[in-house]
Amino acid sequence: MNIAPHELHWRDAYKLMIGSILPRPIAFVSTIDPYGTPNLAPFSFFTAICAEPLLICFAPMRRGTDGRKKDTLVNIEATGEFVVNIVGERIVEPMNETAAEFDPEVDEFQAAGLTPIPSQVIRPYRVQESAIHMECVLHDILHFGDQPGAGSLVIGKVVLMHISDELYADGKIDMEKLLPIGRMAGHVYTRAVSDTFMLERKK
Ligand SMILES: Cc1cc2nc3c(=O)[nH]c(=O)nc-3n(C[C@H](O)[C@H](O)[C@H](O)COP(=O)(O)O)c2cc1C
C-alpha cells in the first residue's frame, strides 16, 4: 500500500506516524510561566541530538482543536528554560494525569500529586519522583505552521544533569533500576528492559 500523507486528514497521518516510529521515550517537561505558575506535561516526540554541546529536543504539536500553542511551548518561549524529567515505570500514572488539558493557571504537579523540587541553574522545578532530571536552557525553536496538526521543535542545551545515586555506576546509568518505558500507539506503552537482547557492533 502506498499512502501520501498530504492526501489524508492530519489525524489519520498522525496515526500512521506514531504507529511506525516506536517505541518512543517520554520527556516529562517541566516549565514555569513568567508569574511563577509551574507546568508539567509528557512529550514522546523526544530524542537526543549531540553530546558537545549536549543538546536534546522534543516536539510539542499545536492543539488539535484550534491550533493554539500548548502551555509548555508558551512558557519556554517566554522564559527560555525547561527541565526534562525522565519517565520510569513507577511514575506512569501521575505522568498520564498531567497530559489532560488543564488551564494554564493549573499547577500539574499538584493535580497529579507529584513533588516539585528546585533546580540549581534554572527556575522550573524538577519532579522529585523522577530518577533523572536534565536542566535545559533553550537553544532554538523551529516552528512548522500554526494550524491544528502543526508543531514546533524545541532544542534545549542540558546545563545540569541530576541522576539518582542508586542508578549511577561507573559513569553509566543502570537501566534495570531506571525501568524506562516507551510509548507505542494509542494507549499502549512498553517496558524497555524486560525483553532486551545483545547485538555487538562490527568493527
Ligand atoms: C505519553 C504521552 C506522550 C505525549 N507526547 C506528546 C508529544 O510528543 N507532542 C505533543 O504535542 N503532545 C504530546 N502529548 C500530549 C500532551 O502531553 C498534552 O497535550 C498536554 O496537555 C500538553 O500540556 P501543556 O499544554 O501543559 O503543555 C503526549 C501525551 C502523553 C500521555
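**An exposed aspartate, a seven-stranded sheet and two cis prolines**

Asp170 sits out in the open, with a relative accessible area of 75%, so it clears the 50% cut-off and counts as exposed. The model is a predicted one, and in it Asp170 falls in the loop between strand E10 (168–169) and strand E11 (172–173). Its backbone is a bit unusual too: phi is near 60°, a positive value in a residue that isn't glycine.

Leu179 does something along those lines. Phi is near 50° here, again positive without the residue being glycine. Leu179 lies in the loop between helix H5 (175–178) and strand E12 (181–183). What sets its exposure class is a relative accessibility of 23%, so Leu179 goes down as partly exposed.

Zooming out, the chain carries 5 helices and 13 strands. Its radius of gyration comes to 17 Å, close to the 17 Å expected from the globule rule for 203 residues, so the chain is as compact as a globular protein of that length. Along the principal axes, the C-alpha atoms fill a box of roughly 50 × 50 × 35 Å. Of the 203 residues, 38% count as buried. The chain exposes about 12100 Å², and carbon and sulfur atoms account for 54% of that area. As for contacts between residues at least 6 apart in sequence, 61% of them link residues at least 24 apart.

Now for the sheet. Strands of a sheet pair through backbone hydrogen bonds, in either a parallel or an antiparallel fashion. In this chain, 7 strands make an open sheet with antiparallel pairing, running E2-E1-E5-E8-E9-E4-E3. Strand E2 (38–43) and strand E3 (46–51) are the edges, each pairing on one side only. From one strand to the next, the twist averages 30°. Strand E1 (residues 27–32) runs antiparallel to E2, and 6 bridges join the two. Within that pairing, Ile32 stands opposite Pro38 of E2. Helix H2 (residues 71–79) packs on the sheet, with its direction at about 50° to that of E1. H2 touches E1 and E2, along with strand E4 (54–58), strand E5 (81–86), strand E8 (132–144) and strand E9 (151–163).

That leaves the cis peptide bonds. One runs from Leu22 to Pro23, with omega near 0°, and Pro23 is located in the loop between helix H1 (10–20) and E1. Another runs from Glu52 to Pro53, where omega is near 5°. Pro53 belongs to the loop between E3 and E4.

Notes:
Residues numbered from 1 in each chain as written. Predicted model: local features only at pLDDT ≥ 70, side-chain atom pairs only at ≥ 80, totals over all residues. Heavy atoms only, no water. Pairing = 2+ DSSP bridges. Helix = DSSP H or I, 4+ residues; strand = E, 2+ residues; numbered from the N terminus. Axes fitted to C-alpha atoms, helices over the stretch in contact; angles between N-to-C directions. Contact = heavy atoms within 4.5 Å. Rg over C-alpha atoms; globule rule 2.2 N^0.38 Å. Buried < 20%, exposed > 50% of the residue type's maximum accessible area, 1.4 Å probe, protein only. Areas by Shrake-Rupley, 256 points an atom, 1.4 Å probe, with all protein chains shown as cover.
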